[in-house]
Amino acid sequence: MYCDRLNERVLVSSTAPVADTPKGKIAGLKKAGTYIFRGIKYANARRFHMPEEIEPWEGIRSAVTYGYVCPELLTPIPGDMQADPHYFMPQDEDCQYLNIWTQSLEPKAKKPVMVWMHGGGWFGGSSVEQYAYDGEELSKFGDVVVVSFNHRLNCLSGLDLSAYGEEYRLSSCCGFADILLLLRWVKENIAAFGGDAENVMVFGQSGGVSKILCAMQCPQADGLFQKAAIDSGGIKEQEIPEGWTKRTLAQRLAALVVEDLGIRPETIHEIETVPYWDLAAAVMEAQKRLNEETGLTGNYRWEPVEDGSFLVGNTLHDGFRPETKHIPMLIGNVFGEGRSNLFTQSTFTETHKNQWTEEQTIRHCRERWGDKADEILAEFKRVYPENHLADVLFMDAWERDGQLGLVQKRVEIGADVWNWLFKKESALGGGTVAWHCSELPYVFHNTSYIEAAFEPGVSEHLEEVICSAWVNMARSGNPNGGKVPQWDKVSAETVPTMIFDVNCGQRVDHDQKLRGLMREKRRQSNG
């Protein structure tokens, strides 16, 4: 697979291959057996308004290069670049573009459809930011149709101008409205790319989880997807200070932006034509002022504000709508998340964690957990005997607690849900516990892209298991089958967890006590 990438002939012309959609014909390219369409426009939108469908066209439109990604307020260099390579596309507000990888253009093929929701919260990222997001290998391996897309983010997605009139009532939901229209586009057009509009799975990670959870709280999204898989996200909300609500906080931020731009309420429409970087500068200043007024720390999260009709509730507070009961889900996260030693090794002054003596590890644990350290260490040894003892310091229990909270909310409405934990240590840097995003190359069958973290013989096997589980889920609504070990659904009584590691297998309620000990110490520290 890895050398063949360099030797495949790519067919590109103005007339073939062509997908014949209800709105018009689209020409992509063909690489070996995979049809690839990049940069298909799925919507148009005025700033701070709901998106609109694309009008039909004559002739054949080209879709061989990726479309614009949404402008970001800030584009940081990711901390895992050496392990999950990234690249960055040109930014423009005209960013509603999608990409498709498929093995057939036959409308009767009815292949499962997997729609990717990228990470980056509601503030950044794109459908092509990570090399691992490329859908070619996933499409080939699973014989599925893979869709990724860009949408509005940050202030373009969620500046709440609702206080300035009915026209802007849903301005805080613009980015989510793009996602909703994308899902409708898939429903209406995916048959032209060999996909089954009645068998669509949304899958997302980090910020993509929040987007999926919003879709599950939106009645207009009902029937647009039938399955879901989420990784490491959706459990952290915008902090709301005492005396404020999510709406009043969002409206105050917008008012500060308008004030900074020198726009009067009666001429609010001027905000639609302010150059983006002037708007972004006003937003950054407004965030600082909002924090000073309210005591908030950090930046505004740009989450859509629930209005009771378009977006009817919040999953974390209200649980899942019973109308979503029929949607089976995969829910899980990775062992280290943001606590991984990829990001935190510098906290310790000694050598790499895998060279620590047991005495060094115990000392660090007692510094962190005090009188609970010995009990936590003993339980960690029992739960994960195959791990280095020092890994306990780089384990993220908080994110797993949150994901299991979502799992239980699915169980409460009688939905089918499977839990997983990605625990594969990378050889990178002498041994790095799984970090936020490290599972994605395995999900996309793209471990050939992970460079310094690739392990011949090991990475290929693990990606076959993980990718098979996601493809099985997309195809049938159940992750079992093929190379995937037996994996039971979560019930009201037990939580079976599939451990994705060098050796994969299911463990039942395995870390409940360990997480409880860590949670208790966290409460003591915070209280």
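**Entry 1. Gln 96**

I began with Gln 96, which I found in the loop between S6 and strand S7 (97–102). I note at the outset that this is a predicted model. I looked up whether Gln 96 is buried or exposed. Its relative accessible area is 1%, under the 20% cut-off, so I recorded Gln 96 as buried.

I then listed its contacts, leaving out residues up to four places away in sequence. Gln 96 touches Ile 40, Lys 41, Tyr 42, Ala 43 and Ala 45, and also Asn 150, Arg 152 and Asp 178. I also checked Tyr 68, which lies 28 residues from Gln 96 along the chain. The C-alpha atoms of these two residues are separated by 7.8 Å.

**Entry 2. Ser 157**

Next I turned to Ser 157, which belongs to helix H2 (residues 154–158). With a relative accessible area of 0%, Ser 157 is buried. Again setting aside residues up to four places away in sequence, I found that Ser 157 touches Trp 122 and Arg 152. Its further contacts are Ser 171, Ser 172, Cys 173, Cys 174, Gly 175 and Phe 176. I noted that Arg 152 appears in the contact list of Gln 96 and in that of Ser 157.

**Entry 3. Positive phi at Phe 48 and Lys 110**

I looked up two residues other than glycine with positive phi. Phe 48 has a phi near 70°, and Lys 110 has a phi near 50°. Phe 48 sits in the loop between strand S5 (34–41) and S6, whereas Lys 110 sits in the loop between S7 and strand S8 (111–117).

Which of the two classes, buried or exposed, applies to Phe 48? At 1% relative accessibility, Phe 48 counts as buried. Lys 110 has 52% relative accessibility and therefore counts as exposed, the cut-off being over 50%.

**Entry 4. The sheet S2-S3-S6**

I traced an open sheet of three strands in the order S2-S3-S6, with mixed pairing. Its edge strands are S2 (18–21) and S6 (60–62), each of which pairs on one side only. From one strand to the next, the twist averages 30°. S2 and strand S3 (residues 24–27) run antiparallel and are joined by four bridges. Within this pair, I located Thr 21 opposite Gly 24 in S3.

**Entry 5. Helices H5 and H6**

I then examined helix H5 (residues 246–261) against helix H6 (residues 276–294). Their axes are 8 Å apart, and the helices pack at an angle of about 130°. That angle lies between 115 and 145 degrees, so H5 and H6 are oblique to each other. The crossing of H5 past H6 is right-handed.

On the H5 side, the residues in contact are Leu 249, Arg 252, Leu 253, Leu 256, Val 257, Glu 259, Asp 260 and Leu 261. Those they meet in H6 include Leu 279, Ala 282, Val 283, Ala 286 and Leu 290. By class, the contact of H5 with H6 comprises 10 nonpolar, two polar and seven charged residues.

**Entry 6. Helices H9 and H10**

I made the corresponding check on helix H9 (residues 358–369) and helix H10 (residues 373–383). Their axes come within 9 Å and cross at roughly 125°. That makes H9 oblique to H10. H9 passes H10 in a right-handed crossing.

From H9, the contact takes in Glu 358, Thr 361, Ile 362, Cys 365, Arg 366 and Trp 369. These meet Ala 373, Asp 374, Ile 376, Leu 377 and Lys 381 in H10. I recorded six nonpolar, one polar and four charged residues in the contact of H9 with H10.

**Entry 7. Strand S13 and the strands paired with it**

How many of the residues of strand S13 (residues 417–422) are buried? I found that six of its six residues are buried. Val 417, Asn 419 and Leu 421 point one way from S13, while Trp 418, Trp 420 and Phe 422 point the other way.

S13 pairs in the parallel sense with strand S12 (residues 329–334), over six bridges. In this pairing, Leu 330 stands opposite Trp 418. S13 also pairs with S14 in the parallel sense, over four bridges. There, the bridge partner of Phe 422 is Phe 500 in S14.

**Entry 8. The S14 and S15 hairpin**

I ended with strand S14 (residues 496–500) and strand S15 (residues 505–508), which run antiparallel and are joined by four bridges. The two strands form a hairpin with four residues between them. I identified Val 508 in S15 as the bridge partner of Pro 496.

How values were computed. Residues are numbered from 1 along each chain as its sequence is written. This is a predicted model: local features need pLDDT of at least 70, side-chain atom pairs count only at pLDDT 80 or more; totals for chains, interfaces and linings use all residues. Side-chain values use heavy atoms; hydrogens and water are left out. Two strands pair if DSSP finds at least two bridges between them. Axes are lines fitted to C-alpha atoms, for helices over the stretch in contact, and angles run from 0 to 180 degrees between N-to-C directions. Angles under 35 degrees count as roughly parallel, over 145 as roughly antiparallel, 65 to 115 as roughly perpendicular and the rest as oblique. A crossing is left-handed if the near helix is turned anticlockwise from the far one by less than a right angle, and right-handed if clockwise. Contact means heavy atoms within 4.5 Å. Ala, Val, Leu, Ile, Met, Phe, Trp, Tyr, Cys and Pro count as nonpolar, Asp, Glu, Lys and Arg as charged, and the others, Gly among them, as polar. Buried means under 20% relative accessible area, exposed over 50%, partly exposed in between (1.4 Å probe, protein chains only).
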